[in-house]
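Me: I'd like a close look at one part of this model, the packing around its main nonpolar core. Take me through it in one go, please.

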Amino acid sequence: TNYSRTDRPEKRDYALRTSRCIKYITINERKAAADMADTTKRKLDASGIAYTAAASKRQFPKPLRQEIVFVGRSNVGKSTLVNALSKRKNLARTSKTPGKTRLVFFYEASPDFYFVDLPGYGYAQASRDKQEAFSRVTDDYFNDDRPIALVLILLDIRRGFGTLDLQMLDYVCHHAIAWQVVLTKADKLSRQAALKAEREVMEVITQYADMYGHPALFPISVA
């Protein structure tokens with residue numbers, strides 16, 4: 001998938017923006033679900049958090065808040081992480097069927113931020129039409145000049161970077177978008193194996209960070 005973006009934030013602001021966003025996602029947000037006014041297509045989750053499910057950019061909410069974006073392969077654990085950070089058990093619906101969701105979900109997790117869950121990529125058993133639909137709606141998002149504050153690139157710690165993950169990493173580096181790698185399913189490995197996997201991922205992070213002049217942030221591991 002090829003992405004394009006016309007704006008390029010100043011590199012000197014990169015570390016500050018990344019630090020602020022990472023600090024935000026690690027703090028228990030007490031004002032979740034406040035300020036819920038501005039989109040007619042949104043729904044209200046049973047937990048009280050409004051969200052919008054968009055199949056194309058025509059259905060995206062107005063870009064009035066900063067957006068923390070979750071990207072990764074199908075079944076990597078994006079929905080689980082969204083639920084954990086929002087302190088809601090079933091806000092983002094998890095599925096045992098990889099590649100099922102073709103929508104972009106905008107969760108109003110804070111008056112200041114959306115959590116944006118993009119469709120998982122790289123599910124080999126998905127039909128060609130479905131794979132093109134995943135690509136199209138993701139292209140719509142990145143080409144829509146959204147106010148992206150941080151992209152969380154989720155990797156299965158047992159597998160590390162794949163080709164599509166590296167394409168995403170190259171994209172956010174090239175366009176100076178703040179990013180952070182999150183390693184999921186860390187509970188599936190022994191402590192020693194997890195440390196080895198973290199070091200291998202960090203080597204790739206350092207390579208791309210050095211190439212583009214960005215800070216090399218150590219990956220965050222989650223269960």
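Which residues have the most contacts inside the largest nonpolar core, and how many residues does that core have?

Reply: Keep in mind that this is a predicted model. The largest nonpolar core has 36 residues, and those with the most contacts inside it are Tyr 141, Val 151, Ile 153, Val 172 and Trp 179. Plenty of elements feed into this core: strand 3 (66-72), strand 4, strand 5 (113-117), helix 3, strand 6 (148-156), helix 4 (163-174), strand 7 (179-184) and helix 5 (191-212) each give it at least two residues. Helix 5 has the largest share, with seven residues. There's another core lying apart from this one, with 21 residues, including Leu 81, Ala 149, Leu 154 and Ala 178.

Let's start from Tyr 141, one of the residues with the most contacts inside the 36-residue core, and look at its ring partners. The structure holds 10 aromatic pairs. In one of them, the ring centres of Phe 106 and Tyr 141 are 6.2 Å apart with the planes at 50°, so this pair counts as tilted. Phe 106 sits in strand 4 (residues 104-107) and Tyr 141 in helix 3 (residues 128-142), so the pair ties together parts 35 residues apart in sequence. Phe 106 and Tyr 141 are both buried. Tyr 141 also pairs with Phe 142: here the centres are 5.4 Å apart and the planes at 80°, which makes the pair edge-to-face because the angle is over 60 degrees. Phe 142 is buried, as is Tyr 141.

Zoom out a bit and ring pairs link Phe 60, Phe 106, Tyr 114, Tyr 141, Phe 142 and Tyr 171 into a cluster. Tyr 114 has a charged neighbour as well: Arg 65 lies over the face of its ring, 4.9 Å from the ring centre.

Tyr 114 takes us to strand 5, where five of the five residues are buried. Phe 113, Phe 115 and Asp 117 point one way from this strand, while Tyr 114 and Val 116 point the other way. That fits the usual rule that side chains in a regular strand alternate between the two faces of the sheet.

Strand 5 has pairing partners too. Strand 3 runs parallel to strand 5, joined to it by five bridges, and Glu 67 stands opposite Tyr 114. With strand 4 the pairing is antiparallel, over three bridges, and there Tyr 107 is opposite Phe 115. A hairpin of five residues joins strand 4 to strand 5.

Back to the other core for a moment: Leu 81 is among its 21 residues, and Leu 81 is also one of the buried residues of helix 2. Helix 2 (residues 78-86) is mostly covered, with seven of its nine residues buried. Right after helix 2 comes Lys 87, whose phi is positive, near 60°.

Finally, how far to trust the coordinates. The protein chain averages a pLDDT of 79, with 69% of the residues scoring at least 70. Confidence is highest in strand 7, at 98, and lowest in helix 1 (residues 14-25), at a mean of 59. For residues 2-8 the pLDDT stays under 50, though the model has 24 contacts for them beyond four places in sequence. Residues 27-40 are also below 50, with 31 contacts beyond near neighbours in sequence. Where pLDDT is low, predicted coordinates shouldn't be read in detail.

Key:
Residues numbered from 1 in each chain as written. Heavy atoms only, no water. Phe/Tyr/Trp six-rings, centres within 6.5 Å; stacked < 30°, edge-to-face > 60°. Helix = DSSP H or I, 4+ residues; strand = E, 2+ residues; numbered from the N terminus. Buried < 20%, exposed > 50% of the residue type's maximum accessible area, 1.4 Å probe, protein only. Lys NZ or Arg CZ within 6 Å of the ring centre and 35° of its normal. Core = buried A, V, L, I, M, F, W, Y, C linked by side-chain atoms within 4.5 Å. Pairing = 2+ DSSP bridges. pLDDT = per-residue confidence, 0-100. Contact = heavy atoms within 4.5 Å.
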